[in-house]
Amino acid sequence: MGHRLKSAGILLYRKGSAGPQFLLAHPGGPFFRNKDAGVWTIPKGEPSEGEGLFDAAVREFEEETGHKPAGDFIALQPIVQKAGKEVHAWAVEGDFDPDHLRCNTFEMEWPPRSGKMEAFEEVDKVAWFGYAEACEKINEKQRGLLTELLAVLQNQGANKT
């Protein structure tokens, strides 16, 4: 018991004139098509057998966006989502043009009980958001990742003299 499902992801950020911006992903597939607030997420996924969480985070980010993040990664405190999944995240500064999104697909039966399999993109769009808007868009349990990263960035800014 108590073996939590783990997920690992990357919170990509860039510094903007009005403060940091965060790259969030909108999940693909029919269930999320008409949903917006509260369903966006950091690009993330579950590690493969024997794969470390950090390696999984980088791989998943690349699979879901087509972009391989690199730089000085900041480990954030893990959060636990409503269904009990533990999300481990690392933040890294980077830039990514949402128009360049390339994502892998998953298959599911659609419409339900139709017997037809259809492929959907794991992520159907990504976008940059400032802190306040990101907090509205993101899965509420992931909000702590944004808050923590914002505090880290503000501290870094305060320490640069």
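**Entry 1: F73 and its partner**

I began with F73, which has a relative accessible area of 26% and is partly exposed, and I keep in mind throughout that this model is predicted. Since buried means under 20% relative accessible area and exposed over 50%, I place F73 in between because its value falls between those two limits. I then looked up F54, which is also listed as partly exposed, with a relative accessible area of 30%.

My tally of aromatic pairs under the ring-centre rule came to seven. One of them joins F54 and F73, whose ring centres are 4.9 Å apart and whose planes stand at 85°, so I entered the pair as edge-to-face. I noted that F54 sits in helix α1 (residues 53-65) while F73 belongs to the loop between α1 and β4 (74-75), so this pair ties together parts that are 19 residues apart in sequence.

**Entry 2: W110 and F120**

I turned next to W110 and F120, an aromatic pair that is edge-to-face, with 6.4 Å from centre to centre and 85° between the planes. The pair links distant parts of the chain, for I found W110 in the loop between β7 (105-109) and β8 (117-121) and F120 in strand β8, 10 residues apart.

I checked the accessibility of both residues, and W110 came out as partly exposed with a relative accessible area of 22%, whereas F120 counts as buried at 7%. Because the limit for buried is under 20%, W110 at 22% is not placed in that class.

Which residues do ring pairs link into a cluster with W110 and F120? I found F31 and F106 there, so that the cluster I wrote down consists of F31, F106, W110 and F120.

**Entry 3: E86**

I looked up E86 in strand β6, which covers residues 86-93. Is E86 buried or exposed? At 15% relative accessibility I recorded E86 as buried, because the value is under 20%.

I then listed what E86 touches, leaving aside its neighbours within four places in sequence, and the contacts are R4, L5, K6, S7, P78, I79 and V80.

**Entry 4: E133**

My last look was at E133, which I located in helix α2 (residues 131-137). E133 has a relative accessible area of 38%, and I therefore entered this glutamate as partly exposed.

How far apart are E133 and F22, in sequence and in space? I noted 111 residues in sequence and, from C-alpha to C-alpha, 9.6 Å in space.

Terms used: Residues are numbered from 1 along each chain as its sequence is written. This is a predicted model: local features need pLDDT of at least 70, side-chain atom pairs count only at pLDDT 80 or more; totals for chains, interfaces and linings use all residues. Side-chain values use heavy atoms; hydrogens and water are left out. Helices (H or I, at least four residues) and strands (E, at least two) are DSSP runs, numbered from the N terminus. Buried means under 20% relative accessible area, exposed over 50%, partly exposed in between (1.4 Å probe, protein chains only). Contact means heavy atoms within 4.5 Å. Rings of Phe, Tyr and Trp (its six-membered ring) pair if their centres lie within 6.5 Å; planes under 30 degrees apart count as stacked, over 60 as edge-to-face and the rest as tilted.
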